[in-house]
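Reader: I'm new to reading protein structures, and I'd like to take a close look at just one part. Could you walk me through the pockets here?

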Amino acid sequence: MSGMTKRDLIIAEADQLFYQQGFEHTSFANIAQAVKISRGNFYYHFKSKDEILDAVINLRLSNTQALLEQWQLESVEPIDRIHSFINILIMNRAKIQRFGCPVGTLTTELTKLQHPAKEDANKLFSLFRTWLSKQFQALGYSRNADNLAMHLLARSQGVATLASAFNDENFIRSEVEQMYQWLQQYSQKAA
C-alpha cells in the first residue's frame, strides 16, 4: 500500500472492514485502529461514516470498472470474458466462503438499513449487469442478453451466499463447472 495517501489508506481499510464486519458493525474506532491513526486525525479526513461509505462505494465502482476493462483487453472472445466473470468465484473462494460476496453483502445490508447509499451500492451490480449483457449481445443474443446477464449474476450471487452459509469450497467448484457448461451451450448455439 505504499504511495497511498492517508485518506486512501482509510478508504481501503474501511472497505475491508465493511466487507468483513458489515457497515453497521464497523465503527470509526475500528477503522482508526486498523489505519493506526488517532480519532482526531481520522476526523480530519472524514466527518461521518456516511462519507467513508460513499468513498468505499466509489472505490469499488472504480475497481470494478477497471476489472471489466481489463477483461475486455485480455480476451477477444465474449465467451472468454464471461468466463472471467465466473472465475471470480474461484479466485476469491476463501473470502467468499468466509464473508460472502462484497457487492451482495453491502447492498443487502444497506437495503435492510434503508440507507440512502443503497442506490449507489446497487450501481456495482448494474456495472456487471450491463457488461454481461454486452457480452451476450456479442455472442448473438441481442433479444435476451439482459435476461441471460441477470441469470448469471443471480446464480453467482446464490453461489456466493450458499458457499458462505455452508463454508463449502466443493460447492463453489461444482457450481462454477455447471456455469461453464451452461455458458458453453450458448456459445455453441451462437456458432
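Which helices each supply at least two residues of the lining of the largest pocket?

Author: Sure! Keep in mind that this is a predicted model. For the largest pocket, the helices that each put in at least two lining residues are H1 (6-21), H4 (49-74), H5 (78-91), H6 (93-99), H7 (102-112), H8 (118-138) and H9 (145-166). Out of these, H5 gives the most, with six residues.

Now for the space itself: the largest pocket holds about 720 Å³. Its lining is made up of 26 residues, and if you want to find the centre, look for Leu67, Ile88, Asn92, Pro102 and Val103, which lie nearest to that point. Sorted by class, the lining of the largest pocket comes out as 15 nonpolar, eight polar and three charged residues.

While you're at it, have a peek at the second largest pocket, with about 160 Å³ of space. Here H1, H6 and H7 each supply at least two lining residues, and H7 gives the most, with five. If you'd like to pick out its walls, the lining includes Phe18, Tyr19, Gln20, Gln21 and Gly22, then Arg98 and Phe99, and also Thr105, Leu106, Thr108, Glu109 and Lys112. By class, the lining of the second largest pocket splits into four nonpolar, five polar and three charged residues.

So how does anyone spot such spaces? Rolling a probe the size of a water molecule over the atoms shows where empty space is left.

Notes
Residues are numbered from 1 along each chain as its sequence is written. This is a predicted model: local features need pLDDT of at least 70, side-chain atom pairs count only at pLDDT 80 or more; totals for chains, interfaces and linings use all residues. Side-chain values use heavy atoms; hydrogens and water are left out. On a 1 Å grid over the protein atoms alone, a cavity is a set of points where a 1.4 Å probe fits but cannot get out, and a pocket is an open set with protein on both sides within 12 Å along at least five of seven lines; lining residues have an atom within 4 Å of a point. Grid points are joined across faces, edges and corners, and a volume is the space filled by probe spheres set on the points. Helices (H or I, at least four residues) and strands (E, at least two) are DSSP runs, numbered from the N terminus. Ala, Val, Leu, Ile, Met, Phe, Trp, Tyr, Cys and Pro count as nonpolar, Asp, Glu, Lys and Arg as charged, and the others, Gly among them, as polar.
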